[in-house]
Amino acid sequence: MSSSRGGSDQPPQRRIMRTQTAGNLGESIFDSEVVPSSLVDIAPILRVANEVEKSNPRVAYLCRFYAFEKAHRLDPTSSGRGVRQFKTALLQRLERENDPTLMGRVKKSDAREMQSFYQHYYKKYIQALHNAADKADRAQLTKAYQTANVLFEVLKAVNQTQAVEVDREILEAHDKVAEKTQIYVPYNILPLDPDSANQAIMRYPEIQAALVALRNTRGLPWPRDYKKKNDEDILDWLQAMFGFQKDNVSNQREHLILLLANVHIRQFPKPDQQPKLDERALNEVMKKLFKNYKKWCKYLDRKSSLWLPTIQQEVQQRKLLYMGLYLLIWGEAANLRFMPECLCYIYHHMAFELYGMLAGNISPMTGENVKPAYGGEEEAFLKKVVTPIYEVIAREAARSRNGVSKHSQWRNYDDLNEYFWSADCFRLGWPMRADADFFYLPIEKLQFERNEERKPAGRDRWVGKVNFVEIRSYWHIFRSFDRMWSFFILCLQAMIIVAWNGDGNPSSIFTPNVFEKVLSVFITAAILKLGQAFLDVILSWKARRSMSFYVKLRYILKVVSAAAWVIILPVTYAYSLESPSALAKTIRGWFGGNAKSPSLFILAVVIYLSPNMLAALLFLFPFIRRFLERSNYRIVMLMMWWSQPRLYVGRGMHESAFSLFKYTMFWVLLIVTKLAFSYYIEIKPLVNPTKDIMKVHIRSYKWHEFFPQARNNIGVVIAIWAPIILVYFMDGQIWYAIFSTLFGGIYGAFRRLGEIRTLGMLRSRFESLPGAFNGCLIPEEKGDPPKRKG
């Protein structure tokens, strides 16, 4: 402390010099909530200074002076953000308040002033609130103890500077305050200290029932060096065994009690009023907490670690231990919460260790009782489990260079979490091996090659992307909507065939000659399917190192199957034609035989469409597909594997049959309207002009002939049909906008949604439509002054 706390009334002879600053930042900076982040430890001192300033300005000054000295010890060079400005402004205020507060001091020295005020505060607030504890607000009592601790800290510093001993009475009072401070810890909703049993919220039967169940620690093997305390519960035992943080244990204790109490009070018929937790409430909370964990174990074909004892009296305690362990892992996981299956992996092993400790299992390695792999030390879970995985996340995020790096060069939360979607994750071991592939990262120095992506050395051990690697390509326009593009191409082919060969009436498709030619769309479909298979391989090529064998096999079989159908369908189609073309005759000549066999092509088409027919059947009955996707039977998994690789998420997520019916009817109406418009307005009117153009024989050209060897004026035909084809593929978006507007408007009108809530309001909007049209689209005359908008 400075000599300004001397016993005389003279002003201090030595002052702390001010450093350069941009100016006075005002007194609002001394709010305890806005101190620099590096000086957060002085926030309680400034809060106490603001609190006691009205009753004793000199004590408030001493608190701020002590806060300044502590800030200087925390950051002597003022290198932290905003620290220099904060310290300068605080020093200015201290110089400004020193003389006025010194004149108003009652005692002869600052040390006596602090001791007198501390005794006054202890008698007026601490003892008074403690004597009226039944009626006092616990928050006020907790705040009073915290304030008393800060005042004693300042008092001790002042007395040490002025070489004055602290009175024994004050030391005894502080010992009581320190003891109570350990009890009155901060809390969120439930005050669980022994002195708060009379609080209103703690008197609810459901709270008492959950609390009694949680404090049943009978039979738990405590560590030898553990110092027991009053009102211990199973979360204290979990903290002692697994090394969880103290504040995490306090938060999850309230969390678990409130979860159990809320479900307990909702049970019907109502449980007894005695403080006994309802078993139904316990099972319901446990079911919700472990829903994802059990699904994860089933997906990986592993038995869960939730083993219950055969003794009925121990079942409730074991369930609470399992739930408490899960909440403690979740509460301390931080950013690992974005990786839920990673938490399942951690919990799986820690729950198994918990079962081994309670069952008294003997470790085959040490010959002693089983102990947690990461327990026995303070904050062991944070340091040894969370931190290594978080460091991998942080380094991968740094490799992304704020999203500039290519998607294949770094892993995000989803990619790291997908590592735990496979049984290969158990190669990580427990305790986790530091040399496991999961923790391996490529070296930061990358080799640059011209026109090639960065390839880090040692990538063979880097796990990389597991299921999906994003490749920026325009081919995604086709790949993402491949079914839509394929459908439009096949419909265009069929409509051109019908309009070209028949009389233009859509019913002519059923004539033998036209129907025979329309069947060629299946050959086009096979060619498109082959293109999709090759495109899937190309766009997934960068993930080949991390792909499983079965995923690679699926891609290969898709290409082979599509290539086989590209051969089978044209050959069988050539044998089905009544009057084959030259190409069909050539194909027949390759395979021998000239006999017509249309049934062979029909059989090939049925086999080719069998996967699509099965998919349509499952689409109509979503409950069947939901069951098949969640099934673990080998034959079912093989069947579903062919349509889509098996993933942990997204399985069984389907709408109800009625929702699918509405969805289907919307798109059926839209597509029928779009195809009818395209056929009658775009395609059919061009057929006869195209035929006439192809019959015209032109010998001399006025313009340059772009297609000198082309026949039937194919260049003119392409020039006429190109914009029509472009409109055909793009007007689906226009029709979707029209239908969605109509259906959405009608739906919103009947549901009273949006700005236009009734059909009458909708009709009234049409009266203002001409004026809006004129104002926005018709240009103003030059002589008219411009109108202001708004």
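Glu-279 is partly exposed in this predicted model. Its relative accessibility is 30%. The side chain of Glu-279 meets that of Lys-319 in a salt bridge, with N and O 3.1 Å apart. Glu-279 belongs to helix α10, which covers residues 279-289. Lys-319 sits in helix α12, residues 315-332. The pair therefore ties together parts that are 40 residues apart in sequence. Lys-319 is buried, at a relative accessible area of 8%.

A second salt bridge joins Arg-112 and Asp-167. Here the closest N and O atoms are 3.9 Å apart. Arg-112 is in helix α4, residues 110-131. Asp-167 is in the loop between α5 (138-161) and α6 (168-183). These parts lie 55 residues apart in sequence, so the salt bridge ties them together. Both partners are partly exposed: Arg-112 has a relative accessible area of 40%, and Asp-167 has a relative accessibility of 31%.

Arg-105 and Asp-110 form a further salt bridge through their side chains, at 2.8 Å from N to O. Both of these residues are buried. Relative accessibility is 9% for Arg-105 and 0% for Asp-110. Each value is under 20%, so each residue counts as buried.

Salt bridges also link residues into a network. Its members are Glu-53, Arg-64, Arg-93 and Glu-97. In total, the structure holds 20 salt bridges.

Methods
Residues numbered from 1 in each chain as written. Predicted model: local features only at pLDDT ≥ 70, side-chain atom pairs only at ≥ 80, totals over all residues. Heavy atoms only, no water. Salt bridge = Lys/Arg side-chain N within 4 Å of Asp/Glu carboxyl O. Buried < 20%, exposed > 50% of the residue type's maximum accessible area, 1.4 Å probe, protein only. Helix = DSSP H or I, 4+ residues; strand = E, 2+ residues; numbered from the N terminus.
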